[in-house]
Amino acid sequence: MLAYIIQRIARAIPQLLLISILAYVIIQLPPGDIVTQQILNLEASGVTVSEVQAAALRRQYGLDRPQWQRYLLWIGNIVTRFDFGYSFTWQKPVADVIMGRMGYTFAIALFSAVFTWVVAIPIGVYAAVKQYSVGDYIITFVTFVGLAVPPFFLALVIMYVALTQFGIRVGGLFSPEYMVQGWSWGKVLNLLSNMWLPIILLGMGGVASTIRTMRAMMLDELRKQYVTVARAKGLSSLQVILRYPLRLAVNPIISGLMWLLPWLFSGGIILEIVLNLPTAGPALYASLMSQDMYMAGGYIMIIGALTAVSAIFSDIVLAVSDPRIRFGGVEGA
Amino acid sequence: MSILSGLRSWFGRRRGAKVDPVREEEFYRAGQWQLVWWKFKRHKLAQISMVVLAILYTVAIFAEFISPHDPLRRFRDYLSHPPTSIHIRDANGRFRRPFIYGMAMGRDPVTFRPVYEEDRSTIYPIGIFVRGDPYKFWGLWESDLHLFGTGPEGMPLFVMGTDTIGRDVFSRICHGGRISLSVGLVGIAISFFLGLFLGGVSGFFGGVIDEAIQRVIEVITTLPTIPLWMALAAALPREWPQLRIYFYTTLILSILGWTGLARTVRGRLLSMREEDFVLAARLDGESEWAIIVRYMLPGFASYIIVSLTLSLPGMILGETSLSFLGIGLNPPTISWGVMLQQAQDIMNVAHYPWILWPVPVVVLAVLMFNFMGDGLRDAADPYIT
């Protein structure tokens, strides 16, 4: 087991290296000297940058040195001091901007994942058990449509309905009066009352694909002989399903659990912007509007690292839950 | 199919034999593409999708003619006009050909939003092949002929309403299709070359090259698509002409899109390298290049088509998302995503929901591509029945 873990971690290192090079290239993409560019952008949006600040920035980013040295400086700062550079739009280090928003990102990711599973797993199992029934056809059709509709489209439509039919204005996590206040019971209640819709909308994004995976996995398992054996020994249909095939069919969902955070950083980002949530995605968007590339590079690096770590975790969890993987016995695993 | 075998199969059907030897023979003699087509024809949903997509692309190609108005013209008297209701029965209860009533714009005294009232005194019949806004078709021929409308003097017809600055939504959807539907095609053309080349190299040579390319693919597939697209798109200089931005946007969309195709090509090449006919060709003294192009490529061409069809929707959605956020294409370019920029303010959507029209259109296009890809995937391997 330990050997497996070490081997798995070692495989992630070249991956992270590639991602870091890519992130650095993105930082360097906009033409011209990055500091001058940033100052121009900032002045265009009404923020003034003093000469002293500009000179300090130039020195900090080592603009007089060759590219590879600057890359090493950048990656070195990340590894040693967790310093991803400075975000001009937020007037804060990139790491502070993203980490400051991690709490909400985590909370929303977790709740929307729970929502996805609570909805998708039973539906997927139902569709598999009643394959080719009317219900199955309807579910298949709806999931097909669901896969074609990006979550932010759905959000626009639901926000429209909520506003015109129920007079609820969706967006943000707090009502204006709680926005700047410190934490209190009132604020928590306010948060909960505002959070359910973003959670449902974000969760919906994963529902269609989870149903499809669940249905396919269940169909595979239901065909196997142990299911027939379980039936033959007299278990009720429900018991058969809950005891054996379901446990195997949720394996991809377990590995999906670990992909949740990267997904929220990636797929949910437009939805978060539309819903104006205080998570990390909209912060990236705001800084991209003024070509704040250190924020972009830092974000990609953080997500890349998160994805790599998630992949390691999910592989380990899978190896623990499924001994066949540990011993390399499963094809294509 | 030759005339002879066509006749034979016709007679075969007439005899009504249960196992039809002629048809069976036809099945064995049919070429690969013939079989693929037969199998695809059995997939009704995929066929319908193909027709719908053909219609969408036709509308995009002949956008100037099909749209009743100039997509950039602002009707200052008809800001945020709701979709015009088309009548076939006039005030006296008589049926006549479709017509619309004149509309008068007023302002809501409290909110100052435009409100419209039907003026039932005059009617404007809708005609086909009417004169309207002049245009230059494909930038080549000047004309002012439109498929339908109310003519130059009539009350303008807004099938899907107008946006907040008075432009006709339907005309913009027709023209927007040009960008939104072609982004995918240009994008897959780029992905196609990247995927075919890198997948081919990887699968054919194997060894260290294969290992390196596979690692790169692994990293790219784990990368977060949308933030990366956003970061790359945001890095494009704002002052560039829109055509250049368009080209670079498609390039950005396809940078991440080629991996699926490369994997497919590699997998097929690996399995095919061991086939007898490849060995036979090699013994015949064919060059490696000829073996790939003449013998192996036809074998997985159908898989390539499937992989490309299935990667198109992602690119269409990518362009729409980026333009919606304002970091892809921007006005005055018209695309479905650019049109949705007005929907960023939810109050606009609440009062003028018809500005959401691009949403169902994008969903329709994506859904049709998914269905068609699904049908093609089933048909791609005609030897498995």
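Reader: How many residues of chain A are in contact with chain B, and how many residues of chain B are on the other side of that contact?

Author: In this predicted model, 40 residues of chain A are in contact with 32 residues of chain B.

Reader: Which elements of chain A give two or more residues to the side that touches chain B?

Author: Those elements of chain A are α1 (2-28), α7, α8 (151-166), α13 (251-266), α14 (269-275), α15 (280-288) and α16 (293-321).

Reader: And which one gives the most?

Author: That is α16(A), which gives eight residues to the side of chain A that touches chain B.

Reader: How do the residues on that side of chain A divide into nonpolar, polar and charged?

Author: On the side of chain A that touches chain B, 32 residues are nonpolar and eight are polar, while no charged residues are found there.

Reader: Let's take one helix pair, α7(A) and α15(B). At what angle do they pack, and how far apart are their axes?

Author: Helix α7 (residues 134-148) of chain A packs against helix α15 (residues 358-380) of chain B at an angle of about 120°, and their axes are 9 Å apart. The two helices are therefore oblique to each other, and their crossing is right-handed.

Reader: Which residues make the contact?

Author: From α7(A) the contact is made by A:Phe144, A:Val145, A:Leu147 and A:Ala148, and from α15(B) by B:Val363, B:Val366, B:Leu367 and B:Asn370. Sorted by class, the contact of α7(A) with α15(B) has seven nonpolar residues, one polar residue and no charged residues.

Reader: Switching to the strands of chain B, what is the order in the open sheet of three strands?

Author: The order is β1-β2-β3 in chain B, and the pairing is antiparallel. The edge strands, each of which pairs on one side only, are β1 (87-89) and β3 (114-125) of chain B, and the twist from one strand to the next averages 45°.

Reader: How many bridges are there between β1(B) and β2(B)?

Author: There are two bridges between β1(B) and strand β2 (residues 95-107) of chain B, which pair in the antiparallel sense; B:Arg89 has B:Phe95 in β2(B) as its bridge partner.

Reader: What about β4(B) and β5(B), how many bridges join them?

Author: Seven bridges join strand β4 (residues 127-137) of chain B to strand β5 (residues 141-149) of chain B, and the two strands run antiparallel. B:Phe137 stands opposite B:Trp141 in β5(B).

Reader: Which residue in the turn has a positive phi?

Author: It is B:Trp138, with a phi of about 55°, in the turn of the hairpin that β4(B) and β5(B) form with three residues between them.

Conventions:
Residues numbered from 1 in each chain as written. Chains lettered and ligands numbered in written order. Predicted model: local features only at pLDDT ≥ 70, side-chain atom pairs only at ≥ 80, totals over all residues. Pairing = 2+ DSSP bridges. Helix = DSSP H or I, 4+ residues; strand = E, 2+ residues; numbered from the N terminus. Axes fitted to C-alpha atoms, helices over the stretch in contact; angles between N-to-C directions. Parallel < 35°, antiparallel > 145°, perpendicular 65-115°, else oblique. Left-handed = near helix turned anticlockwise from the far one by under 90°. Contact = placed C-beta atoms within 7 Å. Nonpolar A, V, L, I, M, F, W, Y, C, P; charged D, E, K, R; others polar.
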